[in-house]
Structure formats: structure tokens, C-alpha cells
Amino acid sequence: MAECGQRPGDGAGRGGRAGHAARLAVHPGRDPRPRRRAEAGDGHHGTASYSDIVFGLFAICGYQFSPRIADISDSRLWRTHTAADYGPFQPVSNHTIRLDRIRAHWGDMLRVAGSLTRGEVRGHDLIRMLSRDGKPTGLGDSFAHYGRIFKTLHLLQFASDEGYRRMIGAQLNVTEARHRLTRKIFFGQRGELRQHYREGMEDQLGALCLALNAVVLFNNLYIDAAVKQPAADGFPVTDELLAHLSPLQYDHINFYLDDFR
């Protein structure tokens with residue numbers, strides 16, 4: 001089923017995106033394949049530290065965060081040993097990961113991971129707790145340094161592995177298709193939450209989530225039927241053909257109830 005929990009079209013705010021990402025990372029039963037949930041740009045120090053924390057949260061929960069890189073030329077590569085020779089990467093790996101800061105807070109980091117996996121804390125609340133006035137706290141800084149290990153590995157794989165880039169692009173397309181469907185459903189009041197209180201907004205989002213998942217379920221049922229019929233008739237339904245099917249299509253959905261043909 002599709003994920004809900006934020007305003008349609010929202011995502012420009014860093015806290016909303018990372019909280020959503022952290023929540024997805026620890027959702028029980030989710031496939032820990034790389035997924036794109038937020039942009040990782042290094043053009044601004046605050047933004048970079050912020051995305052580093054997200055990498056750290058995903059990694060400590062046993063997941064891989066694989067965002068699309070907006071401008072890889074501005075991204076930093078990090079090293080764990082100041083005096084080590086990194087060969088051709090020596091000129092671009094000028095920043096050092098502070099392993100001592102990770103060790104100093106490792107126990108607290110594990111407790112945070114446990115709270116996330118058990119659902120005792122929400123992702124966006126945790127993101128706010130790990131930073132203050134745009135700067136990471138001591139624990140947040142430890143998560144940032146931990147995340148830089150996995151962020152550097154991600155950047156290197158993104159730059160060298162075309163298949164990895166295609167996989168991220170495919171996941172991005174799925175995410176954007178989900179947002180297009182959500183915006184299509186949430187057309188009333190110009191797609192804005194008009195309730196003045198949190199409870200009312202949560203009710204609106206809950207109704208949106210229900211409608212979105214109803215469309216996804218409807219599409220899945222009919223896609224399944226449409227696939228089984230030609231297969232029963234002997235038509236070769238290959239994985240390549242199935243890869244082009246999506247339950248996020250909506251051209252056949254009459255959202256405005258203005259056409260009953």
C-alpha cells in the first residue's frame with residue numbers, strides 16, 4: 001500500500017522529508033532495498049550535516065539510504081584515517097570522520113535505533129531532537145559522522161555503477177508517481193489542509209490515505225486479473241512486461257464524478 005502522512009506536494013521542508021524517510025526505514029516488514037526519499041546536496045553545510053544524520057539513522061537500523069544526488073560535483077568524500085593514502089581519491093577526500101565521537105555516543109545511538117524500530121519515537125520528532133537552531137547536537141553530530149561512512153560509499157557507487165543509478169531513478173519515478181496520484185485525489189480546497197488544529201489535519205490526511213490506498217487496491221486487483229487471463233490463454237507474460245505495470249495509474253479513475261459512461 002502507498003505511504004501517507006504528509007501534505008500532498010509537500011517535501012520541500014527538510015524536517016518533513018527526513019522524518020518521512022526515517023519512519024519508512026523502520027517500518028516493520030519493509031524491504032530494505034535502496035530507496036529515494038530526500039535530496040542529498042552538499043552545497044550548504046547545514047543541509048549536508050542534516051542529510052548525513054539521515055544516512056546514519058538508516059544505517060544503524062540496518063537499511064540503506066540511496067538518494068538521488070542533485071550535484072555530485074559538490075558532494076564531499078570522507079576518510080576515516082587522516083594519514084592513509086587513498087590513491088586517486090586522495091585529493092577529494094579532505095574531510096575526516098571522527099570515529100571517537102561515534103564511539104563516545106554509540107550506546108545512545110543504539111538506544112535511538114531501538115526506539116525507532118519499536119515505534120516509540122517518530123522519525124520527524126527524532127530529527128528535530130538531533131539538531132538545534134540548524135546545528136546538530138552532540139548525539140546528532142555522532143549520527144552525522146556515522147552517516148558519512150555510508151554516504152561516501154553511496155557517492156562512490158553512484159558515480160561508478162550505472163545499474164545503481166538506474167535503480168535509484170526507477171525508485172524516484174515510483175515516488176513521483178505516488179505524489180502525482182495523491183495530488184490528483186486531493187484536489188479540493190486547492191490541495192491545502194484547511195483545518196486549524198492538528199487533529200483536524202490528521203483526519204484529512206487519514207481520509208486521503210484511505211482514498212489513495214483504495215485506488216491502489218482497485219488497480220492491483222484489476223491488474224492481477226488482466227495478467228492472469230492472457231497467461232491462462234498461453235500468452236507469455238514475462239517479468240519484463242510486468243515491470244511496466246503500476247498500481248499508481250489513474251487515467252481510468254473518475255475523480256470528479258462528472259462522467260458516468
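This passage describes the overall fold of a predicted model, then helices α6, α7 and α8.

The chain holds 9 helices and 4 strands. Their order along the sequence is α-α-β-β-α-α-α-β-β-α-α-α-α. The chain has 261 residues, of which 38% are buried. Contacts between residues with a separation of 6 or more were also examined by sequence distance. Pairs 24 or more positions apart account for 71% of these contacts.

Helix α6 covers residues 138–160. Its 23 residues should span 33 Å at 1.5 Å a residue. The C-alpha atoms at its ends are 34 Å apart, so the expected and modelled spans agree. The helix nevertheless contains a kink of about 30°. This kink is centred on Arg148.

Helix α7 comprises residues 162–185. The same test of length was applied. With 24 residues at 1.5 Å each, α7 should span 34 Å. Its end C-alpha atoms lie 35 Å apart, which agrees. Several residues of α7 are buried, namely Tyr164, Ile168, Leu172, Thr175, Ala177, Arg178, His179, Leu181, Thr182 and Ile185. The buried residues of this helix pack against two partners, α6 and α8.

The pairing of α7 with α8 was examined further. Helix α8 runs over residues 198–232. The axes of α7 and α8 come within 10 Å and cross at roughly 120°. An angle of 65 to 115 degrees would count as roughly perpendicular, and one over 145 as roughly antiparallel. The two helices are therefore oblique to each other. Their crossing is right-handed. On the α7 side, the contact is made by Arg178, Leu181, Thr182 and Ile185. On the α8 side, Leu208, Ala211, Leu212, Val215 and Val216 take part. Arg178, Leu181, Thr182 and Ile185 also appear among the buried residues of α7.

Ile223 lies elsewhere in α8 and was considered separately. Its relative accessible area is 23%. Buried means under 20% and exposed means over 50%. Ile223 is therefore classed as partly exposed. Leaving aside neighbours within four places in sequence, Ile223 is in contact with Leu245, Ser246 and Pro247. One of these, Pro247, is 24 residues from Ile223 in sequence. In space, the C-alpha atoms of Ile223 and Pro247 are 7.6 Å apart.

Note on methods. Residues are numbered from 1 along each chain as its sequence is written. This is a predicted model: local features need pLDDT of at least 70, side-chain atom pairs count only at pLDDT 80 or more; totals for chains, interfaces and linings use all residues. Side-chain values use heavy atoms; hydrogens and water are left out. The expected span of a helix is 1.5 Å times one less than its number of residues. The bend at a residue is the angle between axes fitted to the seven residues ending there and the seven starting there. Buried means under 20% relative accessible area, exposed over 50%, partly exposed in between (1.4 Å probe, protein chains only). Contact means heavy atoms within 4.5 Å. Axes are lines fitted to C-alpha atoms, for helices over the stretch in contact, and angles run from 0 to 180 degrees between N-to-C directions. Angles under 35 degrees count as roughly parallel, over 145 as roughly antiparallel, 65 to 115 as roughly perpendicular and the rest as oblique. A crossing is left-handed if the near helix is turned anticlockwise from the far one by less than a right angle, and right-handed if clockwise.
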